[in-house]
Amino acid sequence: MPEEKSVQISTEQALRLLQNERAKLDALQRQLMEVRTAWEETLRAKEALKTIQKTTINEAILVPLGAGVYALASLTDAESVQVTLGGAVIKKDSIPEALQKLDARQKEAEQQIDALQKQLEETAN
């Protein structure tokens, strides 16, 4: 049977270890919040696209600008949307294509959420 060894650490060392663990927990919680926010944004975008599919051309719609501000606009195309590829690059996609991409993003976010929750549990224990 292997011999057990005891290790003693100072109070300062114990406090530093505790602070490091708290910092890890805080970082994981921030990441989890960011991924959840992205997941919720994806969900809202999917709902908006489904609503657009049911809308007729030139129908008046409210476009959210942020901070509770909306613009009244007319829909000129109910079959396609502009999708950001990154940076300032934008591509026209059909709504079904955009929904597929959003589904993939949502699944990826769900996997990230699961992984972060596991890391949080492991770090907390």
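**Notebook: Thr55, two positive phi values, one surface patch**

I began with the side chain of Thr55, where a polar atom lies 2.8 Å from the backbone oxygen of Thr51. The model I am reading is predicted.

I then placed Thr55 in the chain and found it in the loop between α1 and β1, the strand at 60-66. Next I checked whether Thr55 is buried or exposed. Its relative accessibility is 12%, so I list Thr55 as buried, the cut-off for buried being under 20%. I also looked up which residues touch Thr55 once neighbours within four places in sequence are set aside. They are Ile61, Leu75 and Ala78.

I stayed in the loop between α1 and β1 for Asn58. I noted a positive phi of about 65 degrees there, although Asn58 is not a glycine. Asn58 counts as exposed because its relative accessibility is 56%, and the cut-off for exposed is over 50%.

I moved on to Ala67, in the loop between β1 and β2, the latter spanning 69-74. Ala67 is not a glycine either, and I read a positive phi of about 55 degrees for it. With a relative accessible area of 86%, Ala67 is exposed.

Last, I looked at the surface before the helix. Val7 sits in the segment that precedes α1, which runs 11-53. I entered Val7 as exposed because its relative accessibility is 73%. Which residues make the nonpolar surface patch that includes Val7? I found Ile9 and Leu17 alongside Val7, and the patch covers about 320 Å².

Methods. Residues numbered from 1 in each chain as written. Predicted model: local features only at pLDDT ≥ 70, side-chain atom pairs only at ≥ 80, totals over all residues. Heavy atoms only, no water. Patch = residues over 30% accessible without salt bridge, like charges linked within 9 Å, V, L, I, M, F, W, Y side chains within 5 Å. Areas by Shrake-Rupley, 256 points an atom, 1.4 Å probe, with all protein chains shown as cover. Salt bridge = Lys/Arg side-chain N within 4 Å of Asp/Glu carboxyl O. Helix = DSSP H or I, 4+ residues; strand = E, 2+ residues; numbered from the N terminus. Buried < 20%, exposed > 50% of the residue type's maximum accessible area, 1.4 Å probe, protein only. Polar contact = N/O pair within 3.5 Å; in protein donor to acceptor, adjacent residues only side chain to side chain. Contact = heavy atoms within 4.5 Å.
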